[in-house]
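This report looks at the pockets of a single protein model and at a pair of unusual backbone angles. The sequence and the structure follow, and the text after them is meant to be read alongside both.

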Amino acid sequence: MRSTLTRRAVLGSAGLLGAGALAGCGIPAAYVPEARRSGDDRSTQDQALAFSNWTQYIDVDEDTGGRPTLDAFSEETGISVTYTEDINDNDEFFGKMGPVLTQGSDPGRDLMVVSDWMAGRYVSLGWVQALDRTAMPNVAEHLDPQLAHPGFDPGRAHSVPWQSGITGIAYNRKELGREIRTTADLWAPDLKGRVTLFAGLDEAIGLLMLADGADIAAFGADDAHRAMDRVQRLVDSRHIRRFTGNDYTSDLASGAALACQAYSGDAIQLKADNPDIEFVVPEEGGELWAESLLVPNRARHKRNAELLVDYYYRPEVAAELAAAVQYICPVPAAREVLADSGDAERAALAEEPLIFPTEEMRARLRTMRDVTAAERPDLHRVWGRITGV
């Protein structure tokens, strides 16, 4: 099974890191003003760039070990790409990059991928550079409109989605003996002790607030506390089996859990392993999220990085990537490329709503704003008490 969940996981105290925490470690004030963000761009002199990403998040030729889309980019442009799978956890990587970016040092990479809620922190701290959108015509033409205007980065001035996904509900329909249509269905008596929720506040809270009818793009502290109060009652009544990270899939596969908060990125594989597993976007809404490409401050090859970003927004390239990783593709036009490929397996992917959501599904998707630095300590304190994490 593909490793996916850690891309959004916040399972420890690192999630509390912010400007104050960094300063407390002897690091200079965290915020970097605009004038100190750019570096000497050597893109013209150096036909190269360094790209940091998560594991198993790009197409790979199983015979040669090469990465076909990256290799094709290098052949076309003459730009060699040093591709490193060195991001294992959002907070761990944040802690690694913090000292470098606050001190204005060479970040050692020109492009990196982090979850959007974490990208919000980089943007608010001034740790990433504004992108030259005139150099990205494919992004302008093909970016999914539903991902184009996140609250943390208006107009995607600093970020471009790499892949996307949905937080919803997975359940074993055969064992449960009924359908789940809403998040409130998880609290039914026949699911007592058989439900799991995500342990990370950022991962869990959006879906829980949607269940109350909250606008997660503009939620307030009362919305979050109302959702957490319900979870506390469910914990007290032993309705919740446990809070999970990556291991929710094993609970569902073994039958220890019958229903759980889940990511669409896992659902295709879960269903392939067990056709009784269903993934549902609740009637009141599911959370749409993305992991996005960012150019860190002082990057040595910003122009080359922007060329690579725009290259992945060509529909034919996006289709290759979507077929390999099977997340929600941020380039809707890639669907037609797969449908017209002449390959039955790829054509089937064009009809997979967890890669290319239907309009009916899209109508139920919502994007959550970032939890601010001011809000985070209080919300984490309460959530940590509930989850024991």
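Helices, as the word is used here, are DSSP runs of H or I with at least four residues, and they are numbered from the N terminus. The structure is a predicted model, and every value below is computed from it.

**The largest pocket**

With helices counted in this way, helix 12 gives the most to the lining of the largest pocket, contributing four residues. Helix 12 spans 315-325, and both this helix and helix 14 (344-349) supply at least two residues of that lining. The lining comprises 16 residues in total, and those lying nearest the centre of the pocket are V60, E62, A323, A324 and V325. Sorted by class, the lining holds seven nonpolar and seven charged residues, together with two polar ones.

**The second largest pocket**

In the second largest pocket it is a strand that leads, since strand 9 gives the most to the lining, with four residues. Strand 9 covers 286-294, and helix 4 (116-125) is the other element named beside it, each of the two supplying at least two lining residues. This pocket is lined by 23 residues, of which P150, L288, T367, M368 and R369 lie nearest its centre. Eleven of the lining residues are nonpolar, five are polar and seven are charged.

The volumes of the two pockets are set out below.

| Pocket | Volume |
|---|---|
| Largest pocket | about 440 Å³ |
| Second largest pocket | about 340 Å³ |

**Positive phi angles outside glycine**

Which loop holds Q56, a residue that is not a glycine and yet has a positive phi? Q56 lies in the loop that runs between strand 1 (48-54) and helix 2 (68-77), and its phi is about 55°. Because its relative accessibility is 45%, Q56 counts as partly exposed, the partly exposed range being the one between 20% and 50%.

R156, likewise a residue other than glycine, has a positive phi near 55°. R156 is found in the loop between helix 5 (137-142) and strand 4 (159-172). Is R156 buried or exposed? Its relative accessible area is 1%, and because buried means under 20%, R156 is classed as buried. The two residues can thus be read side by side, with Q56 partly exposed and R156 buried.

Key: Residues are numbered from 1 along each chain as its sequence is written. This is a predicted model: local features need pLDDT of at least 70, side-chain atom pairs count only at pLDDT 80 or more; totals for chains, interfaces and linings use all residues. Side-chain values use heavy atoms; hydrogens and water are left out. On a 1 Å grid over the protein atoms alone, a cavity is a set of points where a 1.4 Å probe fits but cannot get out, and a pocket is an open set with protein on both sides within 12 Å along at least five of seven lines; lining residues have an atom within 4 Å of a point. Grid points are joined across faces, edges and corners, and a volume is the space filled by probe spheres set on the points. Ala, Val, Leu, Ile, Met, Phe, Trp, Tyr, Cys and Pro count as nonpolar, Asp, Glu, Lys and Arg as charged, and the others, Gly among them, as polar. Buried means under 20% relative accessible area, exposed over 50%, partly exposed in between (1.4 Å probe, protein chains only).
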